[in-house]
Amino acid sequence: MAALACSPADLHPLLGGNATSAAAAEYICGRFDAVSSKFVDTGYAVDNTYLLFSTYLVFSMQIGFAMLCAGSVRAKNTMNIMLTNVLDAATGSFFYYLFGFALAFGTPSNGFIGQHFFGLSKFPSQSFDYGFFLFQWAFAIAAAGITSGSIAERTQFGAYLIYSSFLTGLVYPIASHWFWSADGWASPARADNLLFGSGVIDFAGSGVVHMVGGIAGLWGALIEGPRIGRFDHSGKAVTLRGHSATLVVLGTFLLWFGWYGFNPGSFLNILKAYGENGSYYGQWSAVGRTAVTTTLAGSTAALTTLFGKRLLVGHWNVTDVCNGLLGGFAAITAGCSVVDPWAAILCGFVAAWVLIGFNKLAEKLKYDDPLEAAQLHGGCGAWGLLFTGLFAKKAYVNEVYPGVENRPYGLLMGGGGRPVGGTGGADLGGGRVDKRDNGDPLLHPAQDEAPEDLARGGGRRHGSHQPRRACL
């Protein structure tokens with residue numbers, strides 16, 4: 001918020017032009033400047049409070065990930081998957097503090113990787129405050145949490161710990177630098193040399209978060225192979241159902257709640273007018289619209305999945321509906337701020353069929369992902385990027401990404417369809433932790449059917465009354 005200015009020299013003649021009026025002008029302008037400074041301080045406080053509140057919502061998604069993962073695996077593996085979710089946040093905070101934030105947002109830098117703010121040195125600054133770091137950390141651990149579902153029930157704890165640190169400290173930060181840093185080669189915030197004249201509009205991370213997490217999970221699941229019993233001797237898929245639909249639904253609602261920080265919070269501030277001051281319409285309106293598009297996309301995807309699966313398999317399934325809902329959210333995340341609500345409904349409808357189609361393909365290729373994370377986040381995230389390039393509205397693009405004349409917008413909205421791109425960031429390292437050797441015992445437990453909780457977690461498995469055993 002710009003400070004208002006008062007000049008005693010300009011005010012002096014208006015008060016009479018004598019010695020007394022000169023002193024009065026000095027006093028009035030001094031008081032005016034003090035009030036103006038308070039308004040500026042209040043603006044910073046409001047925006048930082050909004051950002052911190054959004055951060056807390058995004059962090060609450062970790063509870064949702066934990067509940068969703070716990071409900072989607074078999075009871076014998078619950079404690080182990082819960083431990084990995086806790087460590088995503090714990091190790092992610094450490095490595096993102098040391099390296100991740102600097103590699104992502106360490107400006108000035110080159111288009112590939114950040115170079116400053118290691119260990120939050122020279123913080124806070126005119127550009128960044130601590131709230132911004134915390135918000136970006138919450139996104140980093142969300143990307144790591146996506147992958148834990150893809151490799152659930154068959155990954156050694158040590159390998160997962162290395163992977164989680166690597167993703168949050170290196171892989172995700174590089175991808176986010178490309179698309180979200182002011183210096184990134186594909187960023188729409190660049191001052192010049194914009195990719196395709198627009199940069200990649202991925203507002204809250206269909207590509208940066210969901211595709212990175214989904215592709216990393218895809219690599220991990222491909223390298224580790226399917227769980228024992230997932231496919232029979234003839235190659236036919238065998239359903240290994242999670243032990244608690246209650247936890248799946250609870251986790252889904254918590255993720256839904258957190259998405260209202262994930263998408264609307266990505267504006268980073270709220271106290272910003274569009275056009276003249278004093279208007280009812282400003283960034284606060286765009287924040288509300290973003291929440292509406294998020295809601296409609298997820299809800300449409302849930303309903304489409306409900307009836308689509310009913311037509312395909314002949315029965316209702318709450319787990320499929322929950323995954324469809326999340327697929328709609330993952331898809332709308334890229335364009336949530338720059339599309340109309342009616343377009344969000346179309347986004348959710350297509351996202352549901354993208355998820356259903358990728359799940360069918362996964363079965364045919366004998367690909368095993370217990371939470372459908374690669375299909376959901378990777379597949380629906382990719383559709384979200386394409387959707388943005390088709391339906392981004394000119395007025396919204398210019399409001400959210402100002403400063404560029406004639407920036408391209410959605411193809412089907414008459415704008416050329418260039419504000420879209422993909423991210424293969426996970427390929428830089430998402431699979432490399434696991435690529436050392438397909439037979440490495442660090443990756444694969446000796447017997448998949450042995451309860452992970454008892455073999456490595458050191459605690460009693462969820463729902464079990466067996467005695468606790470020592471960790472071996």
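P124 is found in the loop between α3 and α4. The peptide bond that leads into this proline, from F123 to P124, is cis. This briefing covers a predicted model. It starts with the loop and its aromatic rings, then turns to charges over rings, and ends with the pockets.

**The loop between α3 and α4**

- P124 shares its loop with P108, which also lies between α3 and α4.
- The bond from T107 to P108 is cis, with omega near -5°.
- For the bond from F123 to P124, omega is near -10°.
- F117 has its place in the loop between α3 and α4 too.
- F117 is not a glycine, yet its phi is positive, at about 70°.
- Is F117 buried or exposed? Its relative accessibility is 10%, and buried means under 20%, so F117 counts as buried.

**Aromatic rings**

- The count of aromatic pairs comes to 35.
- One pair is F101 with F117: the ring centres are 6.3 Å apart and the planes stand at 50°.
- Why is this pair called tilted? Stacked planes are under 30 degrees apart and edge-to-face planes over 60, so an angle of 50° falls in the tilted class.
- F101 lies in helix α3 (residues 78–105), while F117 is in the loop between α3 and α4. The pair therefore ties together parts that are 16 residues apart in sequence.
- F101 has 0% relative accessibility, so it counts as buried.
- Which residues form one aromatic cluster? They are Y96, F101, F105, F117, F123, F128, Y130, F132 and F133.
- F123, a member of that cluster, is also the residue just before the cis bond to P124.

**Charges over rings**

- The charged end of R289 sits over the ring of Y396, at 3.6 Å from the ring centre.
- R230 lies over the face of F231, and here the distance to the ring centre is 5.1 Å.

**A second positive phi**

- K366 has a positive phi of about 60°, although it is not a glycine.
- K366 is placed in the loop between α10 and α11 (373–391).
- With 41% relative accessibility, K366 counts as partly exposed. The reason is that this value lies between the 20% limit for buried and the 50% limit for exposed, so neither of those labels fits.

**The largest pocket**

- The volume of the largest pocket is about 1,300 Å³.
- This pocket is lined by 39 residues, and the closest to its centre are F132, S266, F267, L268 and N269.
- F132 also belongs to the aromatic cluster described above.
- Which helices each supply at least two lining residues? They are α2 (19–72), α4 (130–150) and α5 (157–180).
- α2 gives the largest share of this lining, five residues.
- By class, the lining has 21 nonpolar, twelve polar and six charged residues.

**The second largest pocket**

- The second largest pocket has a volume of about 940 Å³.
- Its lining has 38 residues, of which T239, R241, N317, D320 and E372 lie nearest the centre.
- Helices that each supply at least two lining residues are α2, α7 (245–262), α8 (283–313), α9 (318–332) and α10 (341–364).
- Which helix gives the most to this lining? α10 does, with six residues.
- The classes here are 14 nonpolar, 14 polar and ten charged residues.

Key:
Residues numbered from 1 in each chain as written. Predicted model: local features only at pLDDT ≥ 70, side-chain atom pairs only at ≥ 80, totals over all residues. Heavy atoms only, no water. 1 Å grid on protein atoms, 1.4 Å probe; cavity = no way out; pocket = protein on both sides within 12 Å on 5 of 7 lines; lining within 4 Å. Points joined across faces, edges and corners; volume = space filled by probe spheres on them. Helix = DSSP H or I, 4+ residues; strand = E, 2+ residues; numbered from the N terminus. Nonpolar A, V, L, I, M, F, W, Y, C, P; charged D, E, K, R; others polar. Phe/Tyr/Trp six-rings, centres within 6.5 Å; stacked < 30°, edge-to-face > 60°. Buried < 20%, exposed > 50% of the residue type's maximum accessible area, 1.4 Å probe, protein only. Lys NZ or Arg CZ within 6 Å of the ring centre and 35° of its normal.
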